[in-house]
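Me: Could you take a close look at one part of this structure for me? Pick a spot, then work outward from there.

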Amino acid sequence: MMPRADRIRDLLATAFASAEITIQDDSHRHAGHAGAAPGGQTHYTVRVVSPAFQGLSRVARARAVHEVLEGEFGSGLHALSLRLLAPGETGTGR
């Protein structure tokens, strides 16, 4: 089976065409915490820069990403730290 980070990248690239996508597996930082699983692939930091986010609130952007990744949450994905930007936004805030 394809690693979860690759599946996440593929799903996001399909949903948000022309997006710049960066994914970091942070699972090792959460070992022993709720939702952590042996072998990791449970906690990620995801940064997406997409024209699709233009004019959307931070909450609407997060909802759109969570909708795309619904199946991953159903199969062991526990947590995402999201940085979701439209082109031209600096993304220095959280």
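**A loop, a helix and what surrounds them**

Reply: Let's start at Ser18, which counts as exposed because its relative accessibility is 69%; the cut-offs are under 20% relative accessible area for buried, over 50% for exposed and partly exposed in between, with a 1.4 Å probe and protein chains only. Bear in mind that this is a predicted model, where local features need pLDDT of at least 70, side-chain atom pairs count only at pLDDT 80 or more, and totals for chains, interfaces and linings use all residues. Residues are numbered from 1 along each chain as its sequence is written, and side-chain values use heavy atoms, leaving out hydrogens and water.

Ser18 sits in the loop between helix 1 and strand 1. Helices here are DSSP runs of H or I with at least four residues, strands are E runs of at least two, and both are numbered from the N terminus. The backbone at Ser18 is worth a glance too: phi is near 65°, a positive value in a residue other than glycine. Most residues other than glycine have a negative phi.

That loop also holds Phe16, which is buried, as is Phe53. These two make up the one aromatic pair in the structure. The pair is tilted, at 5.0 Å centre to centre and 45° between the planes. To pair, ring centres of Phe, Tyr or Trp (its six-membered ring) must lie within 6.5 Å; planes under 30 degrees apart are stacked, over 60 edge-to-face, and the rest tilted. The partner, Phe53, is in the loop between strand 2 (43-49) and helix 2 (58-68), so the pair links distant parts of the chain, 37 residues apart.

Now step back into helix 1. Its twelve residues should span 16 Å at 1.5 Å a residue, and the end C-alpha atoms are indeed 16 Å apart (expected span is 1.5 Å times one less than the number of residues). Buried in helix 1 are Arg4, Arg7, Ile8 and Leu12. Viewed down the axis, the buried residues of helix 1 fall within an arc of 125°, so they line one face; that arc comes from the directions from the helix axis to the C-beta atoms. It helps to recall that an α-helix has 3.6 residues a turn, so residues three or four places apart point the same way.

What covers that buried set? Strand 1, strand 2, helix 2 and helix 3 (70-73) are included in the cover, with contact meaning heavy atoms within 4.5 Å. Helix 3 contains Glu72, which is buried because its relative accessible area is 8%. Setting aside neighbours within four places in sequence, Glu72 touches Arg4, Arg7, Ile8, Leu11 and Leu77.

On the strand side, helix 1 lies across strand 1 and strand 2, running at about 160° to strand 1. Axes are lines fitted to C-alpha atoms, for helices over the stretch in contact, and angles run from 0 to 180 degrees between N-to-C directions. Three strands form an open, mixed sheet in the order 1-2-3, where pairing takes at least two DSSP bridges between strands. Strand 1 and strand 3 (79-85) are the edges, each with a single partner strand, so one side of each has no neighbour in the sheet. Strand 2 and strand 3 pair in the parallel sense over seven bridges, and Arg47 has Arg83 in strand 3 as its bridge partner.
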